[in-house]
Amino acid sequence: MAKATSWSKPASKVLRADGVQVSDLNTSATPGFKGDKRAGEALLAERSVVLSDLQEKLFANGRTGDNRSVLLVLQGMDTAGKGGIVRHVIGSVDPQGVDHASFGVPTAEEKKHHFLWRIRRQLPRPGHIGVFDRSHYEDVLVVRVHELVAPEVWGKRYDEINKFERKLVDDGTTIVKVAMFVSLDEQKKRLMQRLERPDKFWKFNPADIDERAYWPAYQEAYQAVLDRTNTEYAPWHVLPCDSKWYARLAVTELLIDALHGLKLDWPPADFDVEEQKKRLTKG
Ligand code: ADP
């Protein structure tokens, strides 16, 4: 049976973005993991139970006044597998403890506000794991690539984001940022699959093919994100995603690591246990 030792180095260390060049990434690699797909899937089944247990502890503590939370930020090009992470990683924990938000093209109302306005409204509640499927980083990715605002405007956003995340961390949120990458070829395969399978048509958007022409500009924009917002309090992890099983296992490990860092215990009873047992025995 696969064991946690299948990692030669913890995912939280090996995936750190420090010094990563997006253009040099090997998106089919499985850094730090020694096993194959079968071993990875077996380990994922085991580790999901650990994640679920830790999440329940976070939730229990939130119920008793602990204001801490965890926020998973998923950024990636189309088909990178953000939805698969939500379904297969977050799907293994109790949904009542999850605050999920996805960010698409801003609505008319959202456009009237500062770019962080809609983000602030979706932050995880105490005791919850928040999941951002896309995030405030769209405002320096798609917005930069398509010049949706002037460079002077998006250029200031990196510092604004760092300040925003600093405050979030100070207020008790552990931020786990994951940039997900597939190769251009793998993306083509995944888009083709969407066109070949009726159960995937709903995921296909003709605009996704147009976006492929902007690949180099996106690589540059992702590089700038990694260079300018990889802070010590909210570091980026760079995740090769051609192997879906690896991506799911790695994000599970990143969340386990973040939750371990909170050193959670079960909250003590705020009643006299023996007294309650006696009452129940009598009743
Ligand atoms: P997905 O493609 O993830 O399934 P949607 O169909 O809702 O989800 O589309 C998300 C789209 O919204 C993406 O093309 C993304 O680039 C775009 N988007 C997200 N945030 C912004 C933003 N701030 N400004 C412009 N476009 C955005």
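A charge is taken to sit over a ring if NZ of Lys or CZ of Arg is within 6 Å of the ring centre and within 35 degrees of the ring normal. In this predicted model, Arg166 meets that criterion over the face of Tyr233, at 4.4 Å from the ring centre. Arg157 lies over the face of Phe115, and there the distance from the ring centre is 4.6 Å.

Ring–ring contacts were examined next. The count comes to eight aromatic pairs. One of them joins Phe33 and Trp245. Their ring centres are 5.6 Å apart, with 65 degrees between the planes. The geometry is edge-to-face, because the angle is over 60 degrees. This pair links distant parts of the chain. Phe33 belongs to the loop between helix 1 (11–14) and helix 2 (37–63). Trp245 belongs to helix 11 (residues 244–261). The two residues are 212 residues apart. Phe33 has a relative accessible area of 6% and is therefore buried, the limit being under 20%. Trp245, at 12% relative accessibility, also counts as buried.

A second edge-to-face pair consists of Trp154 and Tyr158. The centre-to-centre distance is 6.5 Å, and the planes make an angle of 80 degrees. Trp154 and Tyr158 are separated by about one helical turn, because they are four residues apart in helix 7 (residues 151–170). Trp154 is buried, as is Tyr158.

Ring pairs also build a cluster. Its members are Trp7, Phe33, Trp245 and Tyr246. The Phe33–Trp245 pair described above thus contributes both of its residues to this cluster.

The ligand site was then analysed. Residues around the ligand include Asp78, Phe103, Gly104, Val105, Pro106 and Arg118. Arg134, Glu138, Asp139, Val142, Val143 and Leu148 are also among them. By class, this shell has six nonpolar, one polar and five charged residues. The polar one is Gly104, because Gly is counted in the polar class.

Polar contacts with the ligand involve both backbone and side-chain atoms. A backbone N or O atom of Val105 lies 3.1 Å from a ligand oxygen atom. Arg118 places a polar side-chain atom 3.1 Å from a nitrogen atom of the ligand. For Glu138, a polar side-chain atom is 2.9 Å from an oxygen atom of the ligand. Taken alone, the ligand exposes 570 Å². The protein buries 62% of that area.

How values were computed
Residues are numbered from 1 along each chain as its sequence is written. This is a predicted model: local features need pLDDT of at least 70, side-chain atom pairs count only at pLDDT 80 or more; totals for chains, interfaces and linings use all residues. Side-chain values use heavy atoms; hydrogens and water are left out. Rings of Phe, Tyr and Trp (its six-membered ring) pair if their centres lie within 6.5 Å; planes under 30 degrees apart count as stacked, over 60 as edge-to-face and the rest as tilted. Buried means under 20% relative accessible area, exposed over 50%, partly exposed in between (1.4 Å probe, protein chains only). A residue is near a molecule or strand if one of its heavy atoms lies within 4 Å of it. A polar contact is a pair of N or O atoms within 3.5 Å; within protein, one must be able to donate a hydrogen and the other to accept it, and residues adjacent in sequence count only if both atoms are side-chain atoms. Accessible areas come from the Shrake-Rupley method with a 1.4 Å probe; for residues, only the protein chains shown count as cover.
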